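Student: I'd like to go through this model with you, helix packing first and the sheets afterwards.
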Amino acid sequence: MFLDFGFKQKCFYTQYFLRNQNCFVPTSEIIAVEETELNKKQRNIGKWQKMAKPHAFTVYYVKKARNHRWRCSDVTFWCVDEHLCNQWIQALKELLEMQSKPKQLLVYINPYGGKRQGKSIYEQKVAPLFSLASISTDVVITEHANHAKDNLFEVNINKYDGVVCVGGDGMFSEVMHGLIGRMQKDSGIDQNNPKAPLVQCNIRIGIIPAGSTDCICYSTVGISDPVTSALHIIVGDCQPLDVSSVHHNNTFLKYSVSLLGYGFYGDILKDSEKKRWMGPMRYDYSGLKTFLSHHYYEGTISFQPAKHTVGSPQDKDSCRTGCYICKKSEQQLSQQYKECGLKHEEDEEEWKVIKGKFLAINAVNMSCACPRSPKGLSPAAHLADGSADLILVRKCSRFDFLRYLVRHTNQDDQFDFSFVDVYRVKSFQFTSKLSEDNESNVTDIGKKRFGQFCRDHPACCCNIASSTWNCDGETLDSSAIQVRVHCQFVKLFARGIEENSKDEAAYSQSSIEQLL
């Protein structure tokens, strides 16, 4: 495009003409600005041949496509005035400097996850974009389990603007545990204390999907695409995320950001771990095998309802960019803590108790959407409202359970069954009746609750002693657990899922004229 209008140093939008469409690109979505050298062929095209010495610069920006996919595009601006051209370049670079975009990143690559494409995905699709955006990187190729986690306890984390993990959900979990653990260690916090006031992790985490399911990436960006995720990192997006801490007695077990699943999903994971040689296909095989076995388990679940939240699991309000429900819920939760304190909340607030036979017990901090299940396990779950959706699937026929599972793949309401209950909670506890753990050891308060029975589901003995917990794709050693949700505990290089629109940045022609 030829720049022939007056210069505006304080402009916040760059107008460009591309493929016969007038559009706007906010400076927050500009990747880089570079001076462009014009060759002889370019200068001899059309009216530019009359210009003695045309000047130009190229703006690289985010171009949004369908299904939340982002791509890097560019447009070149031509100018006869060298001084004006330099002014534009300088002003745009100054505006980019004002953005909270990363300058230096620590990158961990899992070369073994998913289809073993992590290293090539980073080198071919991501590294060139980071270089274009002038982002410096320190890259670590992980060599064994917990390599990234252990390394994060040793590096000078303060020199980085963020940590990027290239891999699947397991790789993200490893980086998250390393960062959170490092923050608690530096602050002298004992993670084994389930009531400890944990320190939030403020350094942002980026996810370059290269795993089997990439559920966390899909649920926070809307697509599992390495280029899209890289561009979210480059523009410096920030999405807070709730994290659940999981304890057994006074021992810390894990942090969870997506799924805690007992019964069906726990059995799938337990069986699939024995078949890693099958690759990603092991989940399909173990899923079918687990469905046909149709095991159910008896246990007691007690939970605190999340009264601070604005919505409920059965709402139709999905979590989207700039989510009002997340913001409002976080404000109300902060006000409760300010007035009552955490100890008062855990000791005095109402607990509900349910005892019965369950095919599945799932607690999710996000929708857990993925390509196979576009809605996820809980379509209205929110990323940053300080709560988890607790889904209880009671004993039912194999046919009814299949109907429930099928609804994860279509638009029907998966909670509209008499054997399915869903609650929005901020903490919960579970013990299996026949687990090896002594249920009286969970907590003192649990002694009172676990003595209560649900009239509709009297105690009985099941053939299977107990299942295992699936915690973000990893098994937990104990079936008796305590879980507490920590509101907006970590931050991602993401902005939540945007509303579907081919060109959400487009404005009317009248708005263009007003800016110029």
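Student: How are α8 and α9 set relative to each other?
Tutor: They are oblique to each other, a term for angles that are neither under 35 degrees (roughly parallel), nor over 145 (roughly antiparallel), nor 65 to 115 (roughly perpendicular). The axes of α8 and helix α9 (residues 281-293) cross at roughly 130° and come within 8 Å, where axes are lines fitted to C-alpha atoms, for helices over the stretch in contact, and angles run from 0 to 180 degrees between N-to-C directions. Before we go on, this is a predicted model, in which local features need pLDDT of at least 70 and side-chain atom pairs count only at pLDDT 80 or more, while totals for chains, interfaces and linings use all residues. Residues are numbered from 1 along each chain as its sequence is written, and side-chain values use heavy atoms, with hydrogens and water left out.

Student: Which hand does the crossing of α8 and α9 have?
Tutor: The crossing is right-handed, meaning that the near helix is turned clockwise from the far one by less than a right angle, whereas an anticlockwise turn would make it left-handed.

Student: And which residues of α8 and α9 meet there?
Tutor: From α8 there are Phe 264, Asp 267, Ile 268, Asp 271 and Ser 272, and these meet a set in α9 that includes Arg 282, Tyr 283, Tyr 285 and Phe 291, contact being heavy atoms within 4.5 Å. By class, this contact of α8 with α9 has five nonpolar, four polar and four charged residues; Ala, Val, Leu, Ile, Met, Phe, Trp, Tyr, Cys and Pro count as nonpolar, Asp, Glu, Lys and Arg as charged, and the others, Gly among them, as polar.

Student: How many residues of α8 are buried?
Tutor: Eight of the nine residues in α8 (residues 264-272) are buried, which is to say under 20% relative accessible area, with exposed being over 50% and partly exposed in between (1.4 Å probe, protein chains only). Both Asp 267 and Asp 271 are among the buried residues of α8.

Student: Changing helices, at what angle do α3 and α7 pack?
Tutor: Helix α3 (residues 118-132) packs against helix α7 (residues 226-234) at about 30°, with their axes 10 Å apart. That makes the two helices roughly parallel. By class, the contact of α3 with α7 has ten nonpolar, no polar and one charged residues. The α3 side includes Ile 121, Lys 125 and Leu 129, and the α7 side includes Pro 226, Leu 231 and Ile 234.

Student: Which strands does α3 lie across?
Tutor: Helix α3 lies across β3, β4 and β5, running at about 65° to β3. Those strands form an open sheet in the order β3-β4-β5, with antiparallel pairing, where two strands pair if DSSP finds at least two bridges between them. β3 (30-36) and β5 (70-79) each have a single partner strand, so one side of each is left without a neighbour in the sheet. Ten bridges join strand β4 (residues 55-64) to β5, and Tyr 60 stands opposite Asp 74 in β5.

Student: What about β14, how many of its residues are buried?
Tutor: In β14 (residues 352-364), ten of the 13 residues are buried. β14 pairs in the antiparallel sense with strand β12 (residues 259-263) over five bridges, with strand β13 (residues 297-305) over seven, and with strand β15 (residues 388-394) over six. As examples of the register, Thr 300 stands opposite Lys 355, and Ala 360 stands opposite Val 393.

Student: Where does Glu 350 lie?
Tutor: Glu 350 lies in the loop between α11 (342-348) and β14, and at 40% relative accessibility this residue counts as partly exposed. Its C-alpha atom is separated by 7.7 Å from that of Pro 305, 45 residues apart along the chain.

Student: And Gln 184, buried or exposed?
Tutor: Gln 184 is buried, with a relative accessible area of 0%, and lies in helix α5 (residues 169-186). Not counting residues up to four places away in sequence, Gln 184 touches Ile 189, Gln 191, Leu 198, Val 199, Tyr 255 and Phe 489.

Student: Last one: how many helices and strands are there in the chain?
Tutor: There are 14 helices and 19 strands, taken as DSSP runs numbered from the N terminus (helices H or I, at least four residues; strands E, at least two). Of the 516 residues in the protein chain, 55% are buried.
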